[in-house]
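Here is my note on the chain we discussed, arranged as numbered points. Please read it with the structure open beside you.

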Amino acid sequence: MRWTLKPKPSEEKIKNLAQALNVEDFVATLLVQRGIESFEEAKDFFRPSLSHLHDPFLMKDMEKAVKRIEEAIENQENILVFGDYDVDGTTAVSLVSSYLKSYYPNIATYIPDRYAEGYGISFKGIDFADDNGFTLIIALDCGIKSIEHVAYAKERNIDFIICDHHRPGNTLPEAVAVLDPKREDCTYPYDELCGCGVGFKLIQALGSNRGQTIADFVPYLDLVATAIAADIVPMTGENRVLAYFGLQVINSDPRPGIKALIHQIKKQTLDITDVVFIIAPRINAAGRIKHGNHAVELLTEFNFEQAQQFASEIEQYNSDRKELDKQITKEAFLQIEENQEQERFSTVVYQEDWHKGVIGIVASRLIETYYRPTLVFTKSGDKYAASARSVKGFDVYNALEACSQHLEQFGGHMYAAGMTLKEENYAVFKEAFEKQVQETIHPDLLTPEIEIDAEIDFSDITPKLSRILKQFEPFGPQNMTPIFLTKNVKDTGYPKKLGADDEHLKLYVKQGNSEGMSAIGFGLGEKFELTTQQKPFQAVYCIDENEWNGKVTTQLRLKNIKP
């Protein structure tokens, strides 16, 4: 682990903000590090408002999209809402279809089969539309590179509206409208929306033409917040506002499908981490193990008893997913060890019977151990298909683009992507990808990094600080949970190992004459000896709350310790 203290912003900015807000200098430092430098910016940050959302018509092609949908409704056309099978895609399809169905009946949904059709718009999906009299397809979380598919649909007199957030290629599909804030010619003020976020802007635009206000769309924000959390988009700007109010919906009045997923959880208030680790994996499990349609059924069901039935089926898919994930990860580890590939700059593994639905999760597991850009391949029809995951700071999408002559297709983001290639190209691609990573990755990026926001003393940890840090939520990329460093920390004498394999660490720590605090270090059991006999050590940690028997106390969540 590399410990890196973030550069301290200018003293003048810190002093000015600390004075304006009446907070400690290190709190002002945390804000300036997040680009917040004035009282007004801090007010917007600490008090998110739906009024901060941008006018949807600022997005390129939005007027064209709304006009075409309104024409379709006026002419009684059948509209097919099409989306990817992951959380972002299924929430987006659920959102747009349920909104349109609230005032127009001729709406159906389509999620491609992960195995038979693969990612994105499929010819099979277009044929389904053609066979069933659909003349307009709204594609969500996919389609920005589907030039041939859109042309194929056009030949069959089917129009497309594309709502995507992935990076476009050099040419856009010839759709009626292409909504993507990452378009170079799109001047929309915020370009980090997820696919469901773009879908939300579409219904917001449709609603404004029907006299609706933003208040009418708040009930849809449980879906948007779930997609933002699952898709790991920056927790800044519009995303942070949508997630903030979406969490309020999840905690107060979620749709029956989400309520059914969380009703057994003992926790009173869910935060964004709970959405990432509890809600999102279950929604994802449907598309991974069975079919994404099951997720859409759950999320658009308004009878709670029926939603509970769907949720219990999805719970089973999630259990199956966990078992597959464990087994395939074990086989991948074995393959890497047997082929002695630990010293490479990238990890690329393949086995033809690996389940396509979990290879992305397996790639993430391999990074936890080897910390390299990672691709996990399996057989998909007559092709090889892979999920890619990357390490912090390395753009795996760019690396794939540099090797694209060996690929059939690819798409994704800086940290996660998917691709297919022909069997005969696997070996040459594997070496080309390794060479590309080797030549472009900075050696430091091959070691996990803990970025530390500030060095503080335990005396700085006050109830006031805890209250302020709570207002930094929801956390996510570019607004991560603040991490602090404190030196000369000692355990009071009774450190404990926890867990079946002693993998966790439980401490009660002090610094000088400070009051003691409990601390938990998940996965830090191996550091036990550093804490014995009241030896001093340095700790990096988040300030957390521990709820036990109705009592809430401050707890440190340790990230790492060293002498």
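What share of the 563 residues in the protein chain do buried residues make up? Buried residues make up 53% of them, where buried means under 20% relative accessible area, exposed means over 50% and partly exposed lies in between, with a 1.4 Å probe and protein chains only.

1. Basis of the note. This is a predicted model, in which local features need pLDDT of at least 70 and side-chain atom pairs count only at pLDDT 80 or more, while totals for chains, interfaces and linings use all residues. Residues are numbered from 1 along each chain as its sequence is written, and side-chain values use heavy atoms, with hydrogens and water left out.

2. Overall build. The protein chain holds 18 helices and 19 strands, counted as DSSP runs (H or I of at least four residues for helices, E of at least two for strands) and numbered from the N terminus. Its radius of gyration is 25 Å, close to the 24 Å that the globule rule gives for 563 residues, so the chain is as compact as a globular protein of that length; the radius is taken over C-alpha atoms, and the rule is 2.2 Å times the number of residues to the power 0.38. Along the principal axes, the C-alpha trace spans about 75 × 60 × 50 Å.

3. Contacts, surface and charge. Of the contacts in the protein chain with a separation of 6 or more, 66% are between residues 24 or more positions apart, a contact being heavy atoms within 4.5 Å. The chain exposes about 25600 Å², of which carbon and sulfur atoms supply 47%, by the Shrake-Rupley method with a 1.4 Å probe. The mean positions of the 61 positive and 84 negative charges are 5 Å apart; Lys and Arg count as positive and Asp and Glu as negative, with His and the chain ends not counted, and each charge is placed at NZ of Lys, CZ of Arg, CG of Asp or CD of Glu.

4. Aromatic pairs. There are 24 aromatic pairs when rings of Phe, Tyr and Trp (its six-membered ring) are paired if their centres lie within 6.5 Å, with planes under 30 degrees apart counted as stacked, over 60 as edge-to-face and the rest as tilted. One of them joins Y244 and F245 edge-to-face, at 5.0 Å centre to centre and 80 degrees between the planes; Y244 is partly exposed at 28% relative accessibility, whereas F245 is buried at 14%. F377 and Y426 also form an edge-to-face pair, at 5.2 Å and 80 degrees. F377 lies in strand β8 (residues 374-380) and Y426 in helix α17 (residues 426-440), so this pair ties together parts that are 49 residues apart in sequence. Both of these residues are buried, and ring pairs link them with Y350, Y384, F429 and F433 into a cluster.

5. Buried positions around β2 and α4. L80, in strand β2 (residues 78-83), counts as buried at 0% relative accessibility. Beyond four places in sequence, L80 touches ten residues' worth of listed partners, including Y110, F128, F134 and L136. The C-alpha atoms of L80 and A129 are 7.1 Å apart in space, although the two residues are 49 apart in sequence. A72, in helix α4 (residues 62-74), is likewise buried at 0% relative accessibility. Leaving aside neighbours within four places in sequence, A72 is in contact with E77, I79, Y104 and L136, and the C-alpha atoms of A72 and L136, 64 residues apart along the chain, are separated by 7.5 Å.

6. A buried asparagine. N239 lies in helix α10 (residues 237-252) and counts as buried at 0% relative accessibility. Not counting residues up to four places away in sequence, N239 touches Y190, E192, L193, C194, I228, V233 and P234.

7. Backbone details to inspect. The peptide bond from E473 to P474 is cis, with omega near 0 degrees, and P474 is found in the loop between α18 (463-470) and β14 (484-491). Two residues that are not glycine have a positive phi: N157, at about 60 degrees, and I232, at about 50 degrees. N157 sits in the loop between α7 (147-155) and β5 (159-163) and is exposed, with a relative accessible area of 65%. I232 is found in the loop between α9 (221-231) and α10, and is exposed with a relative accessible area of 61%.
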